[in-house]
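Open the model in your viewer and keep the selection tool at hand. This tour goes stop by stop.

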Amino acid sequence: MCSDSSISIAQNSSEPVVETPATTNLIGPLRIVKLLWKANPKSAAQTLATSIATAVERNDLPTLRNALKSLQTECETVVANGDRHDPRYASALAAHLLIADHPPLDATLAKALNEIESVEQRLLLWQVWLQVDRAEALEYFSKAVVRESADSKSSAWLSGMINQALQVDRASAAKTLIEHWGQLSPATQLAAIEPLTASADAMQLLLSGVTAGKISKDLLNTNQLRKWLASDNQELITAIETIWGRVRQTDNAARAELVAQTMATLQQGARGSASSGAAVFDRVCSQCHVLHGRGYEVGPNIVGNGRGNLQQLVSNILDPSLVIGEAFQAKTVLTVDGEVVSGLVAAENDRYLKLKVQGGKTIEFDKLEVEQFKSSTNSLMPEGVESQMQPQELLDLLAYLCLLGPPDAAENELIPGTPLDFVQP
């Protein structure tokens, strides 16, 4: 059950709360889709995609299939035309997969996922494929996760594909990721860490990989460890303490000392490369922050937050739990199935709870399936982020963040307190 504190948290949060209906109602939306199918294809496709995604997330496939029959002819026509530039193609193919007497071949689905440009449309089709033919979809996943990892432009699609695969079949998807870990790009590895820490079985696989030297322990942050240290899973607690030693459950003076040491280094002639810092930001920070159009907005958009001066910037990075806005306190959900997910409340009503997690993903929980909902005294941004960087990389990241505009901007300014020669190209 969800605790009373979870309700008060959502009410006090500055995040907008979007109410969702207690049951999947598709009659009205699909009637609109039918009316707009030819007059406004883009709008029709978006409404259809939203209706399908919501019903799939709520495991209401019988209602969805029955409602989609009213659009069967329209969807079959679009699929038969095969125009992947048609904004209706992905949602029509997803609907066709759900209701057709002869569903499209796996090769057709794989080709569509490879060729559709919109990440949102690809994820919709992938989500439905996982529901309709899990075995074949996961077979595609085992090959695509390595192939797509080599393409830096595929990071958003790959992150979403990993998240959905783990939600549908965590054991199989986790095994695939761990087996191919060495072939994944650093960005893909980082995107996979958070969902892999959400359940005990996946966390155990992850820790086994760390113990074997296959996975770097620096990829896991303090919050991901703390949520299991606070559980009653003694096996995981022992494994974590064997690998990392005793992980602090509360903050202490060490954070403040690190901030002071870093400030002293900056004042004593250190140099940082802003262009190199942009790459560090992409690798370490972009899963939760947006800056100059890069990253995912889970935590605050740092274009106008947390960079009032150099001292504030360094403190926010190295001692993130010193001052925490209510909206950015970590919230942890424990489901009746044993899944543990930490994030920020994105929306809540009497029946459903949505958390925003790393990588920009929003996960919806049915409160009937939530065993516990806790608010942490720590920021969602973990302590120890500096452990994911070399000392010079931290300086490069700070140099990038000290610029108010992108490094290649024609005119730029430094945030107050930045030493004049610290920021280098």
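The stops below run from the whole chain to single residues.

**The whole chain**

Start with everything shown. This is a predicted model. The protein chain holds 19 helices and nine strands. Of its 425 residues, 52% are buried. Now think about contacts with a separation of 6 or more: 65% of them join residues 24 or more positions apart. Switch on the surface. About 19500 Å² is exposed, and carbon and sulfur atoms supply 51% of that.

**Two packed helices**

Select residues 89–99, helix H6, together with residues 119–132, helix H8. A pair like this is described by the angle between the axes and the distance between them. Here the angle is about 5° and the axes are 9 Å apart. That makes H6 roughly parallel to H8, because angles under 35 degrees count as such.

Show the side chains between them. From H6 come Ala90, Ser91, Leu93, Ala94, Leu97 and Leu98. They meet Gln121, Leu124, Leu125, Val128, Trp129 and Val132 in H8. What kinds of residues make up the contact of H6 with H8? Ten are nonpolar, two are polar and none is charged.

**One face of H7**

Next, select residues 106–115, helix H7. Colour Leu109, Ala110, Ala112 and Leu113, which are buried. Then look down the axis of H7. The buried residues fall within an arc of 160°, so they line one face of the helix. What covers them? The cover includes H6, H8, helix H9 (134–149) and H10.

**Ala165 in H10**

Stay with H10, residues 155–168, and pick Ala165. Its relative accessibility is 0%, so Ala165 counts as buried. Leave out residues up to four places away in sequence, and Ala165 touches Trp126, Leu130, Leu138, Phe141, Arg170 and Ala173. Draw a C-alpha to C-alpha line from Ala165 to Phe141. The line spans 8.0 Å, and the two residues are 24 apart in sequence.

**Ala198 between two helices**

Move on to the loop between helix H12 (186–196) and helix H13 (200–211), and select Ala198. Is Ala198 buried or exposed? At 5% relative accessibility, Ala198 counts as buried. Setting aside neighbours within four places in sequence, Ala198 contacts Arg170, Lys227, Trp228, Gly338, Glu339, Val340 and Val341. Arg170 may look familiar: Ala165 touches Arg170 too. Now find Glu339. Ala198 and Glu339 are 141 residues apart in sequence, yet 5.5 Å apart from C-alpha to C-alpha.

**Ala330 in a strand**

Select strand S4, residues 329–335, and find Ala330 there. Ala330 has 5% relative accessibility and counts as buried. Add Leu355, which is 25 residues from Ala330 along the chain. The C-alpha atoms of Ala330 and Leu355 are separated by 9.9 Å.

**Two positive phi angles**

Finish with the backbone. Go to Asn59, in the loop between helix H3 (41–57) and helix H4 (61–68). Asn59 is not a glycine, but its phi is positive, about 55°. Asn59 counts as exposed, at 60% relative accessibility.

Then jump to the loop between strand S2 (290–291) and strand S3 (294–295) and select His292. His292 is not a glycine either, and its phi is positive at about 55°. With a relative accessible area of 25%, His292 is partly exposed.

Key:
Residues numbered from 1 in each chain as written. Predicted model: local features only at pLDDT ≥ 70, side-chain atom pairs only at ≥ 80, totals over all residues. Heavy atoms only, no water. Axes fitted to C-alpha atoms, helices over the stretch in contact; angles between N-to-C directions. Helix = DSSP H or I, 4+ residues; strand = E, 2+ residues; numbered from the N terminus. Parallel < 35°, antiparallel > 145°, perpendicular 65-115°, else oblique. Contact = heavy atoms within 4.5 Å. Nonpolar A, V, L, I, M, F, W, Y, C, P; charged D, E, K, R; others polar. Buried < 20%, exposed > 50% of the residue type's maximum accessible area, 1.4 Å probe, protein only. Arc of directions from axis to C-beta. Areas by Shrake-Rupley, 256 points an atom, 1.4 Å probe, with all protein chains shown as cover.
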